[in-house]
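User: I should like to learn how to read sheets, ring pairs and cavities in a protein model. Could we work through the features in turn?

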Amino acid sequence: MKKAKMNKSRQFLAGTAAGTTSRSWRMFLLMVMLMFATACSSTAPSSESSSMPAQTTKESKIENASESKPSDPPKDTIDHPVTLTFMAPWDEESFASRVKNHVEAKFPHVTMELISQVVDEKELQETFAQGIVPDILLAHRGFAVLKKVDMLYPLDDMIASHELDLSKIRSGAIDFLRARDPDGEQRLLGLPIEEIMNGVFYNKAIFDKFGVEYPHDGMTWDEIIELAKQVTGERDGIAYRGLVFNSFQLTVPLMQLSAQGVGPDGNVNFANNPAFTQYYELMKKIIAIPGNYPEESKASFSNQQITMFMTSANAFESYSKVEGLDFDVVSMPSWPDKRNVGSFANPFSYTISPHSPYKEEAFIVLKYLVSEEMQTILHRNTSGTVLELPALYDQFGADKIMDDRSFHFSSLYMEQAPMPAFTSYDPETKFYAFLRDRFKEFQGMKEDIPTYLRTLEEEYRQILREEAEAN
């Protein structure tokens with residue numbers, strides 16, 4: 001009896017336990033379902049809020065901003081040792097003062113080495129034969145020369161990737177270089193680094209000796225010729241020349257007219273080109289001033305026997321060192337119908353070799369050389385700036401002045417004449433140079449100007465024919 005009761009009790013307890021477990025399990029499932037439902041209701045938008053913008057967390061804002069942020073510009077630094085070769089017809093001193101010292105100070109990992117050669121076809125071929133390929137070149141003989149030896153490297157893509165702002169550079173300098181693309185594609189094949197500024201240096205003491213007022217900015221060619229007549233002659237046994245051109249500046253009046261003497265088809269046109277007639281008539285007036293262009297003369301601006309000397313502003317440093325030379329500078333004269341218009345731009349440009357393994361490093365160096373920091377250094381050391389910075393213009397050569405003298409150079413930055421159309425005959429290094437070489441011959445000319453121009457024209461045609469045959 002007892003045993004039967006005990007078995008019933010066990011069955012009851014077992015059933016009770018099973019029932020309790022079953023209810024507990026159901027309660028657990030119910031709680032999980034309630035928690036899941038609560039979680040869903042807290043994340044899913046209700047019908048009321050579905051039309052409102054979803055809340056954005058601070059973290060998601062940062063993530064989205066980083067996704068839309070433009071990529072950082074390239075760092076213009078060079079953090080590894082590299083040697084860059086630079087080809088230019090300079091000596092080591094000029095190279096050091098213009099490039100080497102400043103670049104190596106800015107980029108301690110960079111070593112700059114000079115290849116002291118004219119950058120022309122023959123010299124480049126000789127350099128290649130020695131197993132040397134320059135990284136950077138001074139394109140002073142034009143880009144057509146570089147094309148002949150496969151040394152053209154367009155810089156537009158690197159300008160974009162390195163975010164170089166060309167708007168800070170005088171537009172004429174950029175226009176000049178784009179116009180000189182020998183393929184006519186207006187590519188920028190080099191960066192302008194130094195501008196050639198022309199001016200009239202004048203000796204104050206000679207003007208005082210003749211009792212004549214000094215020249216001033218904005219004169220015309222006719223006005224300065226009349227002034228030259230008054231300061232040409234002999235005083236105290238010394239013969240003074242009133243108005244003399246440095247050899248390179250002889251063609252500046254022609255450059256002010258944007259003269260182009262050879263067409264794209266190679267047609268030479270000097271004799272029937274009004275600009276050439278106008279130019280040679282002007283030069284004849286200057287030569288005709290009695291005593292101004294004698295057959296033999298040892299007069300120079302340095303020995304203080306030339307009253308007005310038309311030359312590049314780069315000559316300033318050497319003149320500033322001449323003891324007792326009291327001088328200043330004014331703008332180049334201009335044509336009456338082109339008042340205050342100078343020559344077209346003619347900057348020194350540096351370019352990169354397409355075969356250099358260090359193109360990025362070379363471009364970083366060029367970008368630094370055209371920066372305001374470096375352009376200020378160059379300008380104050382007598383290399384004209386290519387930047388559109390009027391506040392800097394009067395600082396030209398300031399670091400070379402060792403006394404309390406002051407000079408005004410800002411007027412030398414004249415409006416630039418329009419760029420003559422480019423032809424493969426490259427006027428800056430060919431027919432302009434040809435005309436300068438023939439100037440001595442022009443001084444002794446007996447025939448009239450039209451006859452002289454026809455003779456000159458035929459002579460130049462012959463030069464082009466010989467070049468064509470050689471190529």
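Analyst: We begin with a definition: two strands count as paired if DSSP finds at least two bridges between them. Please keep in mind throughout that this is a predicted model.

User: Which residue stands opposite Leu 191 in strand 10?

Analyst: In general, the strands of a sheet pair through backbone hydrogen bonds, in either a parallel or an antiparallel sense. Here, Tyr 350 in strand 10 faces Leu 191. Likewise, Pro 192 has Ser 349 of strand 10 opposite to it. Strand 4 and strand 10 (residues 348–352) run antiparallel and are joined by three bridges.

User: What is the strand order of the open sheet with strand 10, and how is the pairing described?

Analyst: The order is 2-1-3-10-4, an open sheet of five strands with mixed pairing. Its edge strands, each of which pairs on one side only, are strand 2 (110–116) and strand 4 (191–194). From one strand to the next, the twist averages 30 degrees.

User: How many bridges link strand 3 and strand 10?

Analyst: Three bridges link strand 3 (residues 136–138) to strand 10, and the sense is antiparallel. Ile 136, for example, has Ile 352 of strand 10 as its bridge partner. Strand 10 is also mostly covered, with four of its five residues buried.

User: In what order do the strands of the sheet with strand 6 and strand 9 lie?

Analyst: That open sheet has five strands in the order 6-7-8-5-9, and its pairing is mixed. Strand 6 (233–235) and strand 9 (327–331) are the edge strands, each pairing on one side only. The twist averages 30 degrees from one strand to the next. Strand 6 and strand 7 run antiparallel and are joined by three bridges; within this region, Arg 235 has Ile 238 of strand 7 as its bridge partner.

User: Turning to aromatic rings, how many aromatic pairs are found in the whole structure?

Analyst: Rings are counted as a pair if their centres lie within 6.5 Å. On that basis, the whole structure has 38 aromatic pairs. One of them is Phe 210 with Tyr 240, which is edge-to-face, at 5.9 Å centre to centre and 85 degrees between the planes. This pair links distant parts of the chain, 30 residues apart: Phe 210 belongs to helix 8 (residues 204–210) and Tyr 240 to strand 7 (residues 238–245). Phe 210 and Tyr 240 are both buried.

User: Is the pair of Phe 301 and Phe 309 stacked or edge-to-face?

Analyst: Planes under 30 degrees apart count as stacked. The planes of Phe 301 and Phe 309 are 15 degrees apart, so the pair is stacked, with 6.3 Å centre to centre. Both Phe 301 and Phe 309 are buried. They also belong to a cluster linked by ring pairs, whose other members are Phe 201, Phe 316, Tyr 319, Phe 327, Phe 396, Phe 407 and Phe 409.

User: Finally, how many cavities of 30 Å³ or more does the structure hold?

Analyst: The general idea is that rolling a probe the size of a water molecule over the atoms shows where empty space is left. The structure holds three cavities of 30 Å³ or more, and the largest has a volume of about 170 Å³.

User: Which residues lie nearest the centre of the largest cavity?

Analyst: Ile 196, Asn 198, Gly 342, Ser 343 and Leu 412 lie nearest the centre, among the 18 residues that line the largest cavity. By type, the lining comprises nine nonpolar, six polar and three charged residues.

Note on methods: Residues numbered from 1 in each chain as written. Predicted model: local features only at pLDDT ≥ 70, side-chain atom pairs only at ≥ 80, totals over all residues. Heavy atoms only, no water. 1 Å grid on protein atoms, 1.4 Å probe; cavity = no way out; pocket = protein on both sides within 12 Å on 5 of 7 lines; lining within 4 Å. Points joined across faces, edges and corners; volume = space filled by probe spheres on them. Nonpolar A, V, L, I, M, F, W, Y, C, P; charged D, E, K, R; others polar. Helix = DSSP H or I, 4+ residues; strand = E, 2+ residues; numbered from the N terminus. Axes fitted to C-alpha atoms, helices over the stretch in contact; angles between N-to-C directions. Phe/Tyr/Trp six-rings, centres within 6.5 Å; stacked < 30°, edge-to-face > 60°. Buried < 20%, exposed > 50% of the residue type's maximum accessible area, 1.4 Å probe, protein only.
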